[in-house]
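Subject: Structure handover

Hi,

Here is the structure I promised to pass on, with some notes on its side chains below. Have a look at it first, then read on.

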Amino acid sequence: MTFENKEEVKEYLREKKRYFHTRLDKLNLLTKMVYFISSTYPASIKHHHAYDCGLVKHTYEVMKICESIADTMGFTFEEKDDLLFLALIHDLGKMNEYGRDEEGKWVKTDFGSHIISRSEERFSRNAETDL
């Protein structure tokens, strides 16, 4: 790589710095996700991977599919890395969605309904103030 002037060098270094900061942010989230998916959560209760550790298997299978797509389509390393990261976090919303009942069976919690209720309340308040 050849640079014509100091400004080109500075811009190149700024781009690399942004790239590495993005990767560090992903690594921090990745660490949290590994903890999450390594838990015993099912991917669902009534549908696919509805058993202990089903979410781990489901996430792995989604990542393998994405890897195959990236390879087939000739993605760059960065594009493939981004796609695999998205595959890893695609079920982040399932965190706290399931819990165990008194008998130890997986059940759906009302965690998601709280989020929806709060979002609807905020939307209603904003709609009223916008009128």
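Tyr41 is a good place to start: in this predicted model, its relative accessible area is 18%, which is under the 20% limit and therefore makes Tyr41 buried. Trp106 also counts as buried, at 17% relative accessibility.

These two residues belong together. A search of the whole structure turns up one aromatic pair. Its members are Tyr41 and Trp106, with ring centres 5.7 Å apart. Their planes meet at 35°, so the pair is tilted. What does the pair tie together? Tyr41 sits in the loop between α1 (6–37) and α2 (54–73), while Trp106 is in strand β2 (residues 106–108), so parts that are 65 residues apart in sequence are joined.

Tyr41 and Trp106 also belong to the largest nonpolar core, which has five residues in all. The other members are Ala43, Leu55 and Tyr98. As a general point, nonpolar side chains in soluble globular proteins tend to be buried together. Tyr98 is worth selecting in your viewer. Leaving out residues up to four places away in sequence, Tyr98 touches Tyr41, Pro42, Ala43, Ser44 and Ile45, and also Trp106, Val107, Lys108 and Thr109.

Now to the charged side chains. The count of salt bridges comes to six, and here are some of them:

- Asp52 and Arg100 form a salt bridge with an N to O distance of 3.0 Å. Asp52 is in the loop between α1 and α2 and Arg100 in strand β1 (residues 98–100), so to speak distant parts of the chain, 48 residues apart. Asp52 is partly exposed, with a relative accessible area of 41%, and Arg100 is partly exposed as well, at 40%.
- Lys57 and Glu61 meet in a salt bridge at 3.7 Å, N to O. Both residues lie in helix α2, four residues apart, or about one turn of the helix. Lys57 is partly exposed at 43% relative accessible area, and Glu61 is partly exposed at 29%.
- Lys80 pairs with Asp71, and their closest N and O atoms are 2.8 Å apart. Salt bridges with shared partners join Lys64, Glu67, Asp71 and Lys80 into one network. Asp71 counts as partly exposed, at 49% relative accessibility.

Next, the histidines. Is His58 buried or exposed? With a relative accessible area of 12%, His58 is buried. His58 lies in helix α2, and its side chain makes a polar contact of 3.0 Å with the side chain of His90. Setting aside neighbours within four places in sequence, His58 is in contact with Ala43, His48, His49, His90 and Asp91. Ala43, you may recall, is one of the members of the largest nonpolar core.

Finally, the cysteines. How many disulfides are there? The count comes to zero. Cys53 is partly exposed, at 35% relative accessibility, whereas Cys66 is buried, with a relative accessible area of 14%.

That is everything I wanted to pass on. Happy exploring!

Best wishes

Terms used:
Residues numbered from 1 in each chain as written. Predicted model: local features only at pLDDT ≥ 70, side-chain atom pairs only at ≥ 80, totals over all residues. Heavy atoms only, no water. Phe/Tyr/Trp six-rings, centres within 6.5 Å; stacked < 30°, edge-to-face > 60°. Helix = DSSP H or I, 4+ residues; strand = E, 2+ residues; numbered from the N terminus. Buried < 20%, exposed > 50% of the residue type's maximum accessible area, 1.4 Å probe, protein only. Salt bridge = Lys/Arg side-chain N within 4 Å of Asp/Glu carboxyl O. Core = buried A, V, L, I, M, F, W, Y, C linked by side-chain atoms within 4.5 Å. Contact = heavy atoms within 4.5 Å. Disulfide = S-S within 2.5 Å. Polar contact = N/O pair within 3.5 Å; in protein donor to acceptor, adjacent residues only side chain to side chain.
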